[in-house]
Amino acid sequence: MDHLLFLVHRIPYPPNKGDKIRSYHMLRHLAQRYHVHLGTFIDDADDWQYVDTVKKLCGDTHFAALNPRLARVRSLGGMIGGRPLTLDYYQNKGMQSWVDQVIRKYSIQKILVFSSAMAQFVALGESSRRVVDFVDIDSDKWAQYAKTKNWPMNWIFQREAKQLLRYERKIAASFDASLFVSPQESELFKSLAPESSEKVGYFSNGVDADYFSPVHNLPNPYGANESTIVFTGAMDYWPNVDAVQWFVQEVLPAVLAARPDTVFYIVGSRPTAQVQALATYHGVRVTGAVPDVRPYLAHARVAVAPLRIARGIQNKVLEAMAMAKPVIVSSQALEGIDAVPGRDLVLAENANQFIDALVQQLSRGNPELGLCARNKVVAQYAWAANLASIDTLLDSTAMVPMQASHDSYSPSNPAEVVL
């Protein structure tokens with residue numbers, strides 16, 4: 001088997017949040033074909049317990065400790081040097097030394113980088129086949145954040161958006177292929193980096209539909225006589241925090257007025273102080289980390305994804321759909337998911353539409369909606385099929401253009417490789 005260097009900005013295990021889900025399934029797929037040498041950071045002390053599990057899938061490994069608080073301070077050096085703060089946040093001499101050593105030791109000819117920040121470590125591998133999975137356009141995410149903040153944070157975030165886009169374009173121009181999580185994300189980046197458009201494509205996230213399945217007999221975590229709405233996600237992630245704050249303040253009161261038995265469960269690790277404060281509201285429960293999110297999905301009446309800031313594909317939506325749950329989403333949460341509103345899920349564009357859809361689901365339900373949702377996931381979001389095209393890109397000696405695999409997206413060249 002060939003040797004491959006895989007660099008990931010966060011340990012790809014456990015697969016319990018968006019980026020880890022994608023990077024874990026990539027690692028598991030790559031390990032079937034390559035000797036994978038993994039370099040990654042650990043930014044959560046609880047994740048050190050999973051090092052041995054990850055090592056079983058790899059050859060050489062390097063796990064670098066990253067203290068988020070110290071990293072934020074270190075990232076300010078980018079202000080002086082005119083660099084994106086993101087690069088200084090992940091700057092690490094130990095990681096750089098290990099990467100250089102592995103490239104020389106194994107004469108690495110294939111490199112896969114997960115997230116833009118990790119590209120800074122592979123200048124030595126310029127003679128190798130280099131593919132970057134940006135996943136999302138992080139620079140555009142910073143631009144969205146800037147719109148929600150006051151000075152000086154809005155200025156800092158806008159600066160980061162500008163500097164990071166410049167760096168993303170540099171990476172895309174020098175790497176052999178750049179990947180994103182959805183056709184929409186891919187097309188947006190092509191418009192932002194037209195000089196690299198022929199080397200830009202995407203592959204969708206997947207779902208383990210056997211694991212996330214309604215057939216499992218899972219315990220009910222809810223109280224008796226609760227009519228439950230559930231939101232799942234990492235609760236220290238600002239778009240999730242913003243989503244649940246908006247939902248509790250703008251949507252839930254009207255739903256409670258119509259259905260007093262309603263309880264909104266916020267399920268996810270590391271809830272911020274803002275999220276924890278929501279537990280003081282009537283009809284709100286904040287669980288913190290749970291060992292298994294599936295019982296909360298299985299026994300909920302309805303799942304919601306009221307995101308107002310979003311990039312790429314929301315795994316929380318796909319997982320709820322796989323569990324055959326009715327899911328009510330904002331347009332931002334629907335982006336990148338090939339689902340038909342009204343058939344596979346419910347689209348709500350504003351607070352009133354969320355209220356109407358929730359009252360209807362809580363009062364009457366719609367089992368057919370959940371069944372259609374699961375059928376969509378099983379048919380279109382299998383990891384094995386979506387990941388297979390990475391091998392084509394890593395093995396190719398010339399750039400292969402990419403197109404979308406979804407029926408709703410029309411490629412300009414039918415001979416292109418499907419991602």
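Two strands pair if DSSP finds at least two bridges between them. Keep that rule at hand while you work through this predicted model.

**Exercise 1. Find the partner of threonine 228 and place its strand in the sheet.**

Step 1. Start with the two strands: S8 and strand S9 (residues 262–267) are joined by 6 bridges and run parallel.

Step 2. Now look across from one strand to the other: threonine 228 stands opposite valine 263 in S9.

Step 3. Widen the view to the open sheet, where 6 strands follow the order S10-S9-S8-S11-S12-S13 with parallel pairing. Strand S10 (284–288) and strand S13 (346–347) are the edge strands, each pairing on one side only.

**Exercise 2. Describe the surroundings of strand S2 (residues 34–42).**

Step 1. Take one neighbour, strand S1 (residues 2–8): 7 bridges join S1 to S2, and the two run parallel. Here leucine 7 stands opposite glycine 39 in S2. Between these strands the chain passes through helix H1 (residues 18–31), and this β-α-β crossover from S1 to S2 is right-handed.

Step 2. Take another neighbour, strand S3 (residues 61–65), which pairs with S2 in the parallel sense over 5 bridges. Leucine 38 stands opposite threonine 61 in S3.

Step 3. Check the burial of S2: 8 of its 9 residues are buried, so the strand is largely enclosed by the rest of the structure.

**Exercise 3. Which residues line the largest cavity, and what kinds are they?**

Step 1. Count the cavities: there are 2 of 30 Å³ or more. The largest has a volume of about 50 Å³.

Step 2. Name the lining of this largest cavity: Val230, Phe231, Thr232, Leu297, Ala303, Val304, Ala305, Lys316, Val317, Ala320 and Val327. Two or more lining residues come from each of strand S8 (227–232), strand S11 (302–305) and helix H14 (315–322).

Step 3. Sort the lining residues by kind, which gives 9 nonpolar, 1 polar and 1 charged.

**Exercise 4. Are cysteine 58 and cysteine 372 buried or exposed, and how many disulfides does the model hold?**

Step 1. Recall the cut-off: a residue is buried under 20% relative accessible area.

Step 2. Apply the cut-off to cysteine 58, which has a relative accessible area of 16% and is therefore buried. Cysteine 372 has 17%, so this residue is buried too.

Step 3. Turn to the bonds. A disulfide is a covalent bond between the sulfur atoms of two cysteines. The count for this model comes to 0 disulfides.

Terms used: Residues numbered from 1 in each chain as written. Predicted model: local features only at pLDDT ≥ 70, side-chain atom pairs only at ≥ 80, totals over all residues. Heavy atoms only, no water. Buried < 20%, exposed > 50% of the residue type's maximum accessible area, 1.4 Å probe, protein only. Helix = DSSP H or I, 4+ residues; strand = E, 2+ residues; numbered from the N terminus. Right-handed = clockwise from strand over helix to strand, strands pointing away. 1 Å grid on protein atoms, 1.4 Å probe; cavity = no way out; pocket = protein on both sides within 12 Å on 5 of 7 lines; lining within 4 Å. Points joined across faces, edges and corners; volume = space filled by probe spheres on them. Nonpolar A, V, L, I, M, F, W, Y, C, P; charged D, E, K, R; others polar. Disulfide = S-S within 2.5 Å.
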